[in-house]
Amino acid sequence: MDLKSLKIKAQEKIQKTKELKDLDSLWREYIGKKGKISKIFNALKDLSEEERRKIGKQANEIKEQIRHLIEEKRKELLEKETSKQEMESGIDVTLPGKKIEGGHLHPLTQVLERIEEIFGKMGFSIVEGPDIENEWYNFDALNIPKDHPARDLWDTLWLKIPKLLLRTHTSPVQIHYMEKNNPPFRIVVPGRVFRYEATDFSHEIQFYQLEGLMVDKDISLANLKAILIQFFKNFFGREVKIRFRPGYFPFTEPSIEADIRLNRKWMEVLGAGMVHPNVFKAARLNPHNWQGFAFGMGVDRLAMLKYKINDIRLFYNGDLRFLEQF
Ligand code: PHE
């Protein structure tokens, strides 16, 4: 038999094969040690030099081709076999695979990052302070007298270590910062604060605040208003009206509360005022040389307004049905 028809015959047989074991006998028949192609190699010794070279080369090529065809067929049959087994065992191989879900940032973290980005563009540095404070930083240095109601046990979570507490606001970071830095400066301080309170849809024992502090030679509440208008416009993505009302905080004088107008309602969003001279003194800055404003806004409140969330507790109870919406 000449090499060409040997190859064609082999091709046909391989194509028709349906069982792996038949493929094995084809392998023996052609490629194996006693197979047809080996026989051709054995017969080469009786040929002339020139013919030996020619036929030897052809035989080698055909051996490779047949080996390749058998391997391909073997893969095909193996695949058929496994899917047949899967069908019989009840596994539906046509089902889409399970997608591995990537995690994402908590909605409050997303809102905080956005707030920091906006203030960052307006030249504010991001500063942080400790969650655990002593009475001096949380109260005294902020001009909160010993008998002020904010010091009541009711509002403050005290630690077992005497005079240490969980900060009730981010204002103590004003003092930390001014002890180490001279004006002019503008900073914002994001952070968690804690209150000893009953929880309901608008109260949590922990929540986030953003403190702001801008100090220079002649900073006024007009600067504060301009910065807030710019901030809320960027945060909500549209013009937001803002209203100042008189307020009271021991560490600012005068003090104000600010409301923004959203969905035809005025909403209180922050407390603010001009830094009280006693606060400058507590941080060892001369109140005759410097003036500035401070503000504190509720981050949870802003996130609730932005995403129309009606219960602050949703941020803290880890319910994936809620968290996965962001
Ligand atoms: N620390 C105040 C609060 O927690 C908010 C505030 C900050 C008011 C800075 C004035 C200036 O209510």
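These legends accompany a set of close-up views of a predicted model.

**View 1. Two domains of one chain.** Let us start with the whole chain before zooming in. The domain assignment splits the protein chain into domain 1, residues 3-89, and domain 2, residues 107-323. Taken over C-alpha atoms, the centres of domain 1 and domain 2 are 81 Å apart.

**View 2. Helix α1 packed with helix α3.** Here you can follow helix α1 (residues 3-16) beside helix α3 (residues 36-43), with an angle of about 165° and a distance of 12 Å between their axes. That angle makes α1 roughly antiparallel to α3. The crossing of these helices, α1 and α3, is left-handed. To find the contact, look for Leu 3, Leu 6 and Lys 13 on α1, and for Lys 36, Ile 37 and Ile 40 on α3. Four of the residues in this contact of α1 with α3 are nonpolar, two are charged and none is polar.

**View 3. Helix α8 packed with helix α10.** Now turn to helix α8 (residues 221-236) and helix α10 (residues 299-307), which pack at an angle of about 45° with their axes 11 Å apart. This arrangement makes α8 oblique to α10. On the α8 side the contact uses Phe 231, Phe 232, Phe 235 and Phe 236, while α10 brings Leu 302, Leu 305 and Lys 306. The contact of α8 with α10 counts six nonpolar residues, one charged residue and no polar ones.

**View 4. Helix α7 and its surroundings.** Helix α7 (residues 172-180) is largely enclosed by the rest of the structure, because seven of its nine residues are buried. If you would like to pick them out, the buried residues of α7 are Pro 172, Val 173, Gln 174, Ile 175, His 176, Tyr 177 and Met 178. Around them, the packing partners are β2 (132-134), α6 (135-138), β4 (185-194), β5 (206-216), α9 (277-282) and β9 (291-298).

**View 5. Asn 138 in helix α6.** This view centres on Asn 138, which sits in helix α6. Asn 138 counts as buried, with a relative accessibility of 0%. Leaving aside neighbours within four places in sequence, Asn 138 is in contact with Glu 133, Ile 144, Leu 165, Arg 167, Thr 168, His 169 and Pro 172.

**View 6. Ala 282 in helix α9.** Ala 282 belongs to helix α9. At a relative accessible area of 15%, Ala 282 is buried. Beyond its neighbours within four places in sequence, Ala 282 is in contact with Trp 136 and Ala 141. Glu 179 is also worth finding: 103 residues separate Ala 282 and Glu 179 along the chain, yet their C-alpha atoms are 8.6 Å apart.

**View 7. Backbone details at four places.** Most residues other than glycine have a negative phi, and most peptide bonds are trans. With that in mind, have a look at the bond from Pro 183 to Pro 184, which is cis with omega near 0°. Pro 184 lies in the loop between α7 and β4. A cis peptide bond also joins Glu 253 and Pro 254, with omega about 0°, and Pro 254 is placed in strand β7 (residues 252-262). Lys 163 is not a glycine, but has a positive phi of about 70°. You will find Lys 163 in the loop between α6 and β3 (164-166), where this lysine is exposed with a relative accessible area of 57%. Asn 263, not a glycine either, has a positive phi of about 50°. Asn 263 is in the loop between β7 and β8 (265-275) and is exposed, at 53% relative accessible area.

Notes
Residues numbered from 1 in each chain as written. Predicted model: local features only at pLDDT ≥ 70, side-chain atom pairs only at ≥ 80, totals over all residues. Heavy atoms only, no water. Axes fitted to C-alpha atoms, helices over the stretch in contact; angles between N-to-C directions. Helix = DSSP H or I, 4+ residues; strand = E, 2+ residues; numbered from the N terminus. Parallel < 35°, antiparallel > 145°, perpendicular 65-115°, else oblique. Left-handed = near helix turned anticlockwise from the far one by under 90°. Contact = heavy atoms within 4.5 Å. Nonpolar A, V, L, I, M, F, W, Y, C, P; charged D, E, K, R; others polar. Buried < 20%, exposed > 50% of the residue type's maximum accessible area, 1.4 Å probe, protein only. Domains from an automatic or database assignment.
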